[in-house]
Amino acid sequence: MPELAARLQLTGISKRYPGVLANDNVSLTVAPGEIHGLIGENGAGKSTLMKVVYGAARPDSGEMRWNGAVVQPSSPAQARKLGIGMVFQHFSLFDTLTVVENVALALPGKLDRAQLARDIEAMGRRYGLPVDPSQHVYSLSVGERQRVEIIRCLLQQPSLLIMDEPTSVLTPQAVEKLFGTLHQLSSEGVAILYISHKLEEVRTLCSRATVLRGGRVTGVCNPREESVASLSRLMIGAEPPRATGVAREAGADQLIIDHLSMEPQERTGKPLHDVSLVVRKSEIVGIAGVSGNGQNELLSAISGEDARAPARSIRIGDTAIGRLPVVARRALGLAFVPEERLGRGAVPALGLDLNTLLTHDTGLTRHGLISHAAITTLARSIIERFGVKAAGPAAPAKSLSGGNLQKFIVGREVVKSPQVFVVSQPTWGVDVGAAAQIRQEIVALRDAGSAVLVVSEELEELFEICDALYVIANGRLSQRIAVRDATIEQIGELMGGAPASGAGAEVQHAAA
Amino acid sequence: MLRLEARPVPSKLMGYAAPVIALAITVVFGTLLFLALGKNPAASLRVFFVTPLENARGLSEVALKMIPLLLCSLGLAICYRSNVWNIGAEGQLVVGGVAAGGMALLASPDSTRAFFVLVLLAGMLGGMAWAAITALLRDKFNANEILVSLMLTYVGGLLLIYLVNGPWKDPKGFNFPYSKTFDAAAMVPKLFAGTRLSWGVLIVVVVLAAAWIFLSKSKAGFRLQVAGQAPLAARFAGFSAREGIWASLLLCGALSGLAGALEVAGPLGQLTPQISPGYGFAAIIVAWLGRLHPGGCVFASFIMALIYIGGELSQSRLGLPAAITGVFQGMLLLALLTADTFIHYRLRKA
């Protein structure tokens, strides 16, 4: 027994799901007041482990001790009663209710609303989480919504707070504020379990970290004494290579967006305001921004999935494409990789061979009939050239891991040597090794003369591969910024865009 | 206690086994039903599933019933694979029959022997026109195609009743609500003397092959199915969702209308107030029992045809009510839906 009982001690936790051992003999200890990082790639078993702690899953074997006593919470409600709070990656708030109503729903017993509103404000002041309890959730920015989630957790006075990938939706400035709050909580004795795959963050925030790979603990360390490279070695077993290329002189304007303003197709979408950008031959241009600020609307207008833009407001070279259908834009040399892989970039139940038919318009059919030999050959060549791990050309798209499917989809477009290549969140949810390979392919495409537009939330990625950047916030695009002159702080400020109240105004504007 | 647990991947085996299991369950419950009615179950089941197959005449009657079931179910399979929920094959069949009947009434003893081709084309166009209403309302106003196609079925039925009671009633028909019988030139030629089987059988074989090629080999069929399975992927690829709605409904309308035409210009020989004992609805069961696959639809339409014939025989031989056909169809559908659950789920001890 340690002299002081750990707040949370997991010993030998194993959890098997059909076909996969999600946790294999995992042990982890969190002391009171400690900020403990739990890092690992997607699918490493982080979420399963947290479900066990939060009572949402029952382990097959192993022991959980809470302040020294053996416990096995059988539901999240029981876990909350013990003093375990969790802030999920995807928010669980009702858009049409106010902040105070949302909080009241999560708390047991009958509550005095006015008192609760005062409690929310007091809690917000104490931890630097300002929110207006009477505001409706739909009018809040993503950062504000997260504050509501955290306050809702804190009102139950947890002694362990689990944060699941909390920064994936935040601007760099908002991340800093969040870290301030977490430090204050930890100084008051609250233990924090911080789940992330962003190594820089864990190095900044955590004093100890447990690394998971393939369901097993591959290391426990003080991340401040480690480098990103050594941490990622623990995480993936190898150091990520950096994309390299020879930046050539950029050439003629290839993709031009010219004062594009557009109402969204869907009511919940963002209107685009006077968006202008240029991507030249042999350059990579990035668009940074927190998701939901108009990226999807802009990309759909470029890809042709939304063909309502004024014709001349989007051009490839001199050809106005704003109103052209998707197939005609492809014929002009445009290739697009969407953010969603399963269901948009690929049909889940169909084989990779048939999925090539989505974006390859020539050479695969004869007299309207699909040439099985041609699609098999094409799929196999993509699999081989890009090192896609798949059972074969006929393997269903959904049987591939996220990273391998993304390699296939990127490869499917890259083999066409497109004049204009547009890619959204190229490495989102992709493991470090595959991400490096995908970035390398994008750079190689530029070196071969393509005009490339990359939309990403990962600033580091954009700084690594882009020649120039724009920032999108609230449906408006910033001026063009050369990457060699830009700083992360400058981009972060632009990402914050209009003040938070602006988000609410946009929603009302869109609804009107 | 047992509980249902989601399978990590849908079971392929269960996908094929479910129709067989459903058939077995239907037989078990059929046995219980016959017992409850005081009939000898073995003899009763024999009437249903064996007697129709004992001689050439019975076999030809089964084949005759398979024709409309198979045509409608192929059209429906195309719709369902495209995620278009057409429930109105019955109405498309009836209106196809009406259009075919209208054309057939134009024939005279002097007409060419090929006149029946016009009759069949009219039937297909009639079915397509009826399906086009559903497609138009769905395309322009986003009206739910399940409700529209279903309700149009009843409108189609009323149209037929109006015509045979009014303008198209045979003046020499003793005031019965029938049209005059068609001239021989309008009738689909017989395949063998002595049976009611017509060239319709050959047409169905051709349609079956075409449907199989369309669904599994053609780019057009591929586009439809992508639009059905993954609408966002279809939009991403530039396959039009509107094209999917129109193409699948028009194809199904054409096939159902052809089925109606083959009925009126075949076994019926005239228009009557009821030209289909619910083939278009039974074909929904057929399509799913056949796993939305042309080959499977052949097997499933054979089973469904047996139930139709068996139902008729059991009225005369066992004195059972006419509703027995519908009861068996219903049991089969419920059993299939139940068995299909186990494609995505499995039983576990809790």
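**Salt bridges in the predicted model**

Glu283(A) is buried, its relative accessible area coming to just 3%. In this predicted model, that carboxylate doesn't sit without a partner: the side chain of Glu283(A) meets that of Arg280(A) in a salt bridge, with N to O at 3.4 Å. Arg280(A) itself counts as partly exposed, at 29% relative accessibility.

Chain B offers another pairing of a buried acid with a partly exposed arginine. Here Glu145(B) and Arg138(B) bring their side chains together in a salt bridge, 3.1 Å from N to O. Glu145(B) has a relative accessible area of 6%, so it falls under the 20% cut-off and is buried. Arg138(B), at 22%, is partly exposed, because that value lies between the 20% and 50% limits.

Next along the chain from Arg138(B) comes Asp139(B), which has a salt bridge of its own: its partner is Arg242(B), and the closest N and O atoms are 3.0 Å apart. This one ties together distant parts of chain B, since Asp139(B) belongs to helix H5 (residues 115-141) and Arg242(B) to helix H10 (residues 241-268), with the two positions 103 residues apart. As for accessibility, Asp139(B) counts as buried at 17%, while Arg242(B) is partly exposed at 47%.

Back in chain A, the Arg280(A) and Glu283(A) pair turns out to have company: salt bridges with shared partners join Arg280(A), Glu283(A) and Arg480(A) into one network. Taken over all chains, a search of the whole structure turns up 28 salt bridges, and the pairs described here are among them.

Methods
Residues numbered from 1 in each chain as written. Chains lettered and ligands numbered in written order. Predicted model: local features only at pLDDT ≥ 70, side-chain atom pairs only at ≥ 80, totals over all residues. Heavy atoms only, no water. Salt bridge = Lys/Arg side-chain N within 4 Å of Asp/Glu carboxyl O. Buried < 20%, exposed > 50% of the residue type's maximum accessible area, 1.4 Å probe, protein only. Helix = DSSP H or I, 4+ residues; strand = E, 2+ residues; numbered from the N terminus.
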